[in-house]
Amino acid sequence: MNKAVDVPLKLRESIIDLAEHVERPAPPGADTEKLVSRIKALLKQQNAVIIAHYYTEEHLQVLADETGGHVADSLSMADFGNRHPATTLVIVGVKFMGETAKILNPEKRVLMPDLDATCSLDLACPVEEFSAFCDEHPDRKVVVYANTSAAVKARADWVVTSSNAVDIVNHLKEKGEKIIFAPDKHLGHYVQQQTGADMINWQGFCVVHDEFRAQELKELKEKNPGAAVLVHPESPEDVIELADVVGSTTKLINAARDSKADTLIVATDYGIFHKMKEAAPGKKLLVAPTGGISPTCTMCAHCPWMAMNSLEKLAHVLETGANEIHVDEDIRKKAVVPIQRMLEFSNQFKQAKNKQQPVPA
Ligand code: 13P
Ligand code: SF4
């Protein structure tokens, strides 16, 4: 059962605006070294740590690693920020990641290189409309993807990421719960198929993953016999059907490392190639085909909002304290509950799995 939701005007306008205004960060040039040293000094001076997503530019990921920061998927970014002693967290990713860090760490300063770096899933799920929809189904548990605003999280019973959505929905199903899942229709459909849970899915989508095309992927597979196909579950169903491995960004990196195949076709943002190359040196990495036309396509396997992060902006926010994330305290107090629930579930689930014990009740 699906809820038909028009792509909100806000999202459509934002995409059109992006196509005209996205400036890809310049590749590292002569001044890069100077800039990097300045950022390193500022990080120390301000007791700050960088937490970056795999989709950001390679030099930002390198800098995060070199300075004791973290490069990760959205679950691990939240977990790391929650545990790290730094008093300033610099979230190099998109806005929902900065908000999650602030919700979990209200006493810390959370900065982001660009506050306009958002996510099409977040934009597709306006809180008023979503909340009214939840009110129509009081018998259902509200499960929202991390890629949502703080206000939407505040309306939820559970937050999930692509790392734990199947496990958490399975857990709810075993307790006899019916579910509202938002906002990603592809992830929702995938979770529904994996768990058999009774779910109503919101109809948002990721503008990057929605572009992957099954027919062209089949053709690419035929040209590369023996290649393994790695797919993020925000991709369309017919693309997921062609996958050898489906999972979160971390799961896909591990699969690249563990796969016996020498060639990997990857249906997610190609920013992930930096960590995949480290994990699977020598393997050939191919971007899965998309519907758009390169090189003008703004969303061909690369998130335009992740691409808004740059070294220059990072230095600027550390120097000026600009772009601090603030979350209304009432919303924060509500939103922290389903996020903590997810983190606790995931940690217990991991421990139980390691010990081969039954999953938490
Ligand atoms: P992960 O949690 O798998 O890193 O996914 C986040 C995301 O935004 C994917 O598009
Ligand atoms: Fe959102 Fe898609 Fe960008 Fe991930 S890749 S942040 S889901 S728009």
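In this predicted model, Val266 sits across from Val287, a residue of strand E12. Strand E11, which covers residues 263–267, runs alongside E12 in the parallel sense, and four bridges link the pair. Zooming out a little, E11 and E12 belong to an open sheet of four strands, laid out in the order E10-E9-E11-E12 with parallel pairing. The sheet ends at strand E10 (245–246) on one edge and strand E12 (284–287) on the other, and each of these pairs on one side only. As for what holds such an arrangement together, strands of a sheet pair through backbone hydrogen bonds, whether parallel or antiparallel.

Next comes the ligand. The shell around ligand 1 draws on several parts of the sequence: Asp73, Ser74 and Leu75 are there, as are Asn147, Thr161 and Ser162, and Cys206, Glu234, Ser248 and Thr249 complete the set. Sorted by character, this shell has six polar residues, two charged ones and two nonpolar ones.

Then there is a pair of helices. Packed helices are generally described by the angle and the distance between their axes. Here, helix H5 (residues 95–104) and helix H16 (residues 329–354) have axes that come within 9 Å and cross at roughly 100 degrees. Angles of 65 to 115 degrees count as roughly perpendicular, so H5 is roughly perpendicular to H16. On the H5 side, the contact is made by Thr100, Ile103 and Leu104, which meet Arg332, Ala335, Val336 and Ile339 of H16. The residues of this H5–H16 contact split into five nonpolar, one polar and one charged.

Terms used:
Residues are numbered from 1 along each chain as its sequence is written. Chains are lettered from A and ligands numbered from 1 in the order in which they are written. This is a predicted model: local features need pLDDT of at least 70, side-chain atom pairs count only at pLDDT 80 or more; totals for chains, interfaces and linings use all residues. Two strands pair if DSSP finds at least two bridges between them. Helices (H or I, at least four residues) and strands (E, at least two) are DSSP runs, numbered from the N terminus. A residue is near a molecule or strand if its C-beta atom, placed from the backbone, lies within 6 Å of it. Ala, Val, Leu, Ile, Met, Phe, Trp, Tyr, Cys and Pro count as nonpolar, Asp, Glu, Lys and Arg as charged, and the others, Gly among them, as polar. Axes are lines fitted to C-alpha atoms, for helices over the stretch in contact, and angles run from 0 to 180 degrees between N-to-C directions. Angles under 35 degrees count as roughly parallel, over 145 as roughly antiparallel, 65 to 115 as roughly perpendicular and the rest as oblique. Two residues are in contact if their C-beta atoms, placed from the backbone, lie within 7 Å.
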